[in-house]
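Here is a short briefing for a first look. Two topics are covered: the ligand surroundings and one helix.

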Amino acid sequence: MLRYLTSGESHGQSLISIIDGLPSNVELNFDEINAELKKRQCGYGRGGRMKIESDKVNILGGVRGKKTLGGPVSIEVKNRDYQNWTEYMAPMDDVDFETRKVDNVRPGHADLVGCLKYDFTDARNVLERSSARETASRVAVGAICKQVLKNFDIDFVSHVIQIGNVKDENVYDFDYIKNNVDSSEVRCANKDMEAKMISQIDEIKNERDTIGGVVEVRVKNLIPGLGSYTQFDRKIDGVMAMHLMGIQAIKGVEFGIGFDVAKLPGSKVMDEIVYNQEDGIKRVTNRLGGIEGGMTTGEELVVRCAMKPIPTLYKPLNSINVNTLEKYEATVERSDTCAVPACSVVCENVVAFVICQFFLDTIGGSSLEDIKRNYNSYVQRLGERGWKK
Ligand SMILES: Cc1cc2nc3c(=O)[nH]c(=O)nc-3n(C[C@H](O)[C@H](O)[C@H](O)COP(=O)(O)O)c2cc1C
Ligand SMILES: C=C(O[C@@H]1CC(C(=O)O)=C[C@@H](OP(=O)(O)O)[C@H]1O)C(=O)O
């Protein structure tokens with residue numbers, strides 16, 4: 001089964017990920033992978049750190065001549081900021097633990113509970129790993145998965161549909177989002193809404209506060225049957241929600257019309273099924289977001305994630321010093337005001353990993369050629385049952 005782990009601290013030397021279970025002979029386009037990393041770094045509302053970093057992958061193992069070898073692929077993304085932190089972060093030398101010690105713990109971040117759980121007096125030991133810097137690794141992993149899936153025309157897009165109270169209610173088709181989102185500073189497909197979202201971020205920044213939002217990820221050219229109804233942990237929506245909820249600051253995940261299913265009658269929730277010879281089996285609507293019974297239906301997969309506001313506020317909230325327990329008003333070195341646009345790129349690539357995991361599991365094969373053969377035979381069999389690609 002395709003799996004990965006990440007390692008590394010926000011201000012350490014590098015972020016490392018190991019992805020295991022990729023097929024052999026997949027040609028990797030590193031420009032495309034690095035372009036994903038760059039997208040994650042952009043977006044209106046980001047803080048000073050992104051001016052320092054220029055994320056790129058450095059492959060340490062599992063690839064030869066740009067092609068995967070079928071073994072674990074190890075990926076490094078360097079932290080440029082490490083050079084400013086060597087005396088505090090060096091793993092194999094003495095470090096200065098006392099200066100720049102963090103004991104003013106921020107509400108909403110992992111600082112306080114991390115210190116209690118791991119018995120630290122310095123919340124830096126917590127925040128270095130809890131930081132969303134780690135999402136660069138997850139984007140690198142997802143971008144490699146996309147390279148596998150593009151051999152089967154499976155394509156991904158993400159966009160921001162809400163910042164605070166500013167909500168983009170327009171309905172777009174996949175290609176429209178794809179053509180417009182990358183030129184938007186907030187990764188919103190609509191220019192009027194983009195302007196409103198930017199004003200919302202400016203307003204909140206002036207108030208020294210932070211803001212969250214909602215992102216949507218769409219996947220097209222899927223086949224029916226990724227995931228399974230046969231066991232709870234084989235349901236693709238369940239597994240995907242787990243991976244998405246594992247992204248820093250994600251507090252909600254919904255598929256299709258999401259929580260609205262609770263207030264509508266069944267006739268306005270289920271997607272009616274039709275068949276004609278030209279298009280094969282189709283759904284009239286896609287309210288359930290392309291998933292039934294824990295399996296992809298073959299329609300577009302639609303998943304949305306709610307991101308909470310950034311916990312580090314320039315207008316600090318009441319908190320305590322974790323060591324003296326005295327009241328403390330947290331000070332801020334630097335932080336993002338809004339990272340929802342960046343988060344849309346993270347969610348998109350996390351979704352790509354999960355789709356790739358289920359795709360490889362369903363189709364099977366160790367080399368790309370074998371997988372292509374198995375894929376064609378699966379699609380042919382579905383064709384005999386009335387489903388058309
Ligand atoms: C792309 C991205 C950037 C983030 N930037 C910051 C930041 O600059 N400052 C901050 O305090 N939290 C930031 N966060 C959120 C925290 O990492 C997150 O709230 C924290 O790890 C606690 O986890 P939880 O919110 O899931 O409970 C960011 C999250 C993401 C996804
Ligand atoms: C470094 C990234 O995001 C960081 C996520 C983050 C946090 O607490 O989650 C805090 C900030 O880090 P720093 O304290 O170094 O400014 C963000 O910049 C990144 O996205 O690459």
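A residue counts as near a molecule if its C-beta atom, placed from the backbone, lies within 6 Å of that molecule. The model is predicted. With that cut-off, 20 residues surround ligand 1, and 13 residues surround ligand 2.

**Around ligand 1**
- The closest residues to ligand 1 are Ala132, Gln248, Thr312, Asp336 and Ala339.
- By class, the shell of ligand 1 holds ten nonpolar, eight polar and two charged residues.
- Helix α10 (residues 340-363) gives the largest share of this shell, three residues.

**Around ligand 2**
- Arg49, Ser131, Ala132, Arg133 and Arg334 are the closest residues to ligand 2.
- The shell of ligand 2 divides into two nonpolar, six polar and five charged residues.

**Helix α8**
- Helix α8 covers residues 191-206, 16 residues in all.
- From first C-alpha to last, α8 reaches 23 Å, close to the 22 Å expected at 1.5 Å a residue.
- Which residues of α8 are buried? They are Met193, Glu194, Met197, Gln200 and Ile201.
- Seen down the axis of α8, the buried residues fall within an arc of 120°, so they line one face of the helix.
- These buried residues pack against β8 (155-163) and β9 (166-167).
- Lys191, Asp192, Ser199, Glu203 and Asn206 are exposed on the other side of α8.
- Arg208, just after α8, takes a positive phi of about 60°.

Technical notes:
Residues numbered from 1 in each chain as written. Chains lettered and ligands numbered in written order. Predicted model: local features only at pLDDT ≥ 70, side-chain atom pairs only at ≥ 80, totals over all residues. Nonpolar A, V, L, I, M, F, W, Y, C, P; charged D, E, K, R; others polar. Helix = DSSP H or I, 4+ residues; strand = E, 2+ residues; numbered from the N terminus. Expected span 1.5 Å × (residues − 1). Buried ≥ 20, exposed ≤ 12 C-beta atoms within 10 Å, placed from the backbone. Arc of directions from axis to C-beta. Contact = placed C-beta atoms within 7 Å.
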